[in-house]
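Work through the exercises below with the sequence and the coordinates at hand. Each task is followed by its solution in steps.

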Amino acid sequence: MEKEKARPLLILYATETGNALDAAERLSREAERRGCPVTLFSLDEFHPSSLPSEEFVIFVVSTTGQGDTPNSMKVFWTFLLQRSLSRQWLEKTQYAVFGLGDSGYQKYNFVAKKLDKRLADLGGKAIMERGLGDDQHPSGYEGALDPWMSSLWTTLYNEKPQLFPKGLDAFVSDIKMLDQPKVDITYLDSDGGYSQSSAPIDLESLEKEIVRSRSMLLGKKSNDKSKPDCFLKMVKSHPISREGCGKDVRHFEFEALSPTIEYEVGDVLEILPGQDPEAVDAFMKRCNLNPESYITVKPRKKEDYLANGVCASKGPIKLKRFVELTMDVASASPRRYFFEVMSFFASAEHEKERLEYFASPEGRDDLYQYNQKERRTVLEVLEDFPSVQMPFEWLVQLTPPLKTRAFSISSSPLVHPNQVHLTVSIVSWTTPFKRKRTGLCSNWLATLDPQQRVCIPAWFHKGSLPAPDPALPLILIGPGTGCAPFRGFVEERAFRDRESSTPTAPILFFFGCRNEHNDFLYKDFWFSHSQDGGVLSQEKGSGLYVAFSRDQPQKVYVQHKMREQSGKIWELLSKGGAVYVAGSSNNMPSDVLAAFEEIVAREGGVSKEASIRWLRMLEKGGKYHVEAWA
């Protein structure tokens, strides 16, 4: 009698940075190696109404920012929240959830937790406890994924042996079959009429290059914004921290090269950084690539080709420009699968053995020490294994994509028409093995000369800080570069005060830094607005309160200054004021929230539990906003 054929295991993922996609693809590969049929989809490719007809579903979802849902999951999540869905809607569906997050953030793995709960509320049966990957773990999210995945196969086999027709132990680790790469690359003659003149590139041509190259990337959907909102040029760059103090913070001003720019205070600017030309050349040489070649890149599978909106009419692009605009060769670290694929193309036996070890569960911790901990780049890894000759198709698929970098805008468009300002900490650090590392985008911006007309591709989008109404009282907490968006808030309030007969509402601003003389960012700006009836002045019912953590024996932080001003804070909260918090995600947001809980309890005469509920309602009512970054 023929065995019942099982429906494929469905794996659905939602990713923002690519980690959840990596984890989902690894689950898919490991299932297939065990003979288990698999279907893999991004949540925005799967219609949620089909969920009840699925027997076994694995969800892999990341949490972004302050507990935010990845963009690709938003439509799916909204569907699940419909009240018309019954508590038996998923009674025939069994599921498991693996989340990716960072325990340094307040709402650690919030998306995975709420998804797990909602699926259970709709009648779904969890076949095992959700897994929670943590970026803070010594091995990153894989520290939780490896044991969770091992338990998953056992659980699935016990629930449905037909998923593994050859048995659970049929996995043979020495099957040396490498999958096909997911992309096809067509090479065209460099003299086939595609080459551009050596004249300076115009904005329209640059825009086409960016759209063409970035829309070729696998995983780019046709609705993704490959096309920049505008092009900027830097017009001003100056340090706002004291030289030699251990921090390098710059104020950058940009003007639009495109006709207009549109944004509001509180918005975020994303920049596509340039890469080091020497590093790109070294990568081309190491991989034996002809920089003058013209190529087209498209997904190997026809359904991906159509879904990604990639079409041949986009035209070819120079190979070197494709690398420069899409492949992060000298900043980001490769994933574990990169090392597994490298092992197939290593001709030296000792290199092959080491790469296979790195790709194995036993080598996970050593790989983390070698790769992630040291932040080794793709170029460095390839140079460490000189016998490896990887086809360009695999390099395109596995090299981390060159990502835009997001910055809180620190200007008001009312005050600076056709300009946008940023407050940027120039990132640098030393690895455990004393390698000097620098942040790609911040250091690239720091090297730009405002006298040169460098075109900077840029995108505007909404962040977590909505532009406030001028009549809304504000309590702003922005230590360090967290003050950036609030510079724009204060500029705009001051502008409206001058231009309108209606006075604006008061602002309490709490700033923090280490030393008054080293890193009191925009000191003169804040003081000018706190005097002579300015928007931060006492006469306006406002106030500027600064905490210098290292200028006295005991450390003083913004939450200490908040407690000192608890009466004023409670007064603004009682008048319907809104709270905005921006800055480091480490301890600051939770310390500030704890201070607010104390203030509400003491000044409002309520219990700690009641104050927590009150602040939760404030957040739900859109009056408690946090924008934090690692």
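**Exercise 1.** Among contacts in the protein chain between residues at least 6 apart in sequence, what percentage join residues at least 24 apart?

Solution. Start with the conventions: the model is predicted, so local features need pLDDT of at least 70 and side-chain atom pairs count only at pLDDT 80 or more, while totals for chains, interfaces and linings use all residues. Residues are numbered from 1 along each chain as its sequence is written, and side-chain values use heavy atoms, with hydrogens and water left out. Next, a contact means heavy atoms within 4.5 Å. Counted this way, 78% of the contacts between residues at least 6 apart join residues at least 24 apart.

**Exercise 2.** State how the radius of gyration of the protein chain compares with the globule rule.

Solution. First list the elements: the protein chain has 21 helices and 22 strands (DSSP runs numbered from the N terminus; helices are H or I with at least four residues, strands E with at least two). The radius of gyration, taken over C-alpha atoms, is 27 Å. The rule, 2.2 Å times the number of residues to the power 0.38, gives 25 Å for 630 residues, so the chain is as compact as a globular protein of that length. As a last step, the C-alpha trace spans about 85 × 65 × 45 Å along its principal axes.

**Exercise 3.** Is Q565 buried or exposed?

Solution. Locate Q565 in the loop between α18 (558-564) and α19 (566-574). Then apply the classes: buried is under 20% relative accessible area, exposed over 50%, partly exposed in between (1.4 Å probe, protein chains only). Q565 counts as buried because its relative accessibility is 17%. Not counting residues up to four places away in sequence, Q565 touches F510 and Y545.

**Exercise 4.** Describe the setting of E16, one of the positions that UniProt lists for "binding site" in an unreviewed entry.

Solution. Such annotations may be inferred rather than shown by experiment. E16 lies in the loop between β1 (9-14) and α1 (19-33). With a relative accessible area of 39%, E16 is partly exposed. Leaving aside neighbours within four places in sequence, E16 contacts S62, T64, P70 and N71; the UniProt list also includes S62 and T64.

**Exercise 5.** Why is helix α9 (residues 336-344) largely enclosed by the rest of the structure?

Solution. Eight of the nine residues of α9 are buried, so the helix is largely enclosed. The buried residues include R336, F339 and E340. Finally, find their partners: the buried residues of α9 pack against elements including α1, α4 (142-159) and α10 (349-359).
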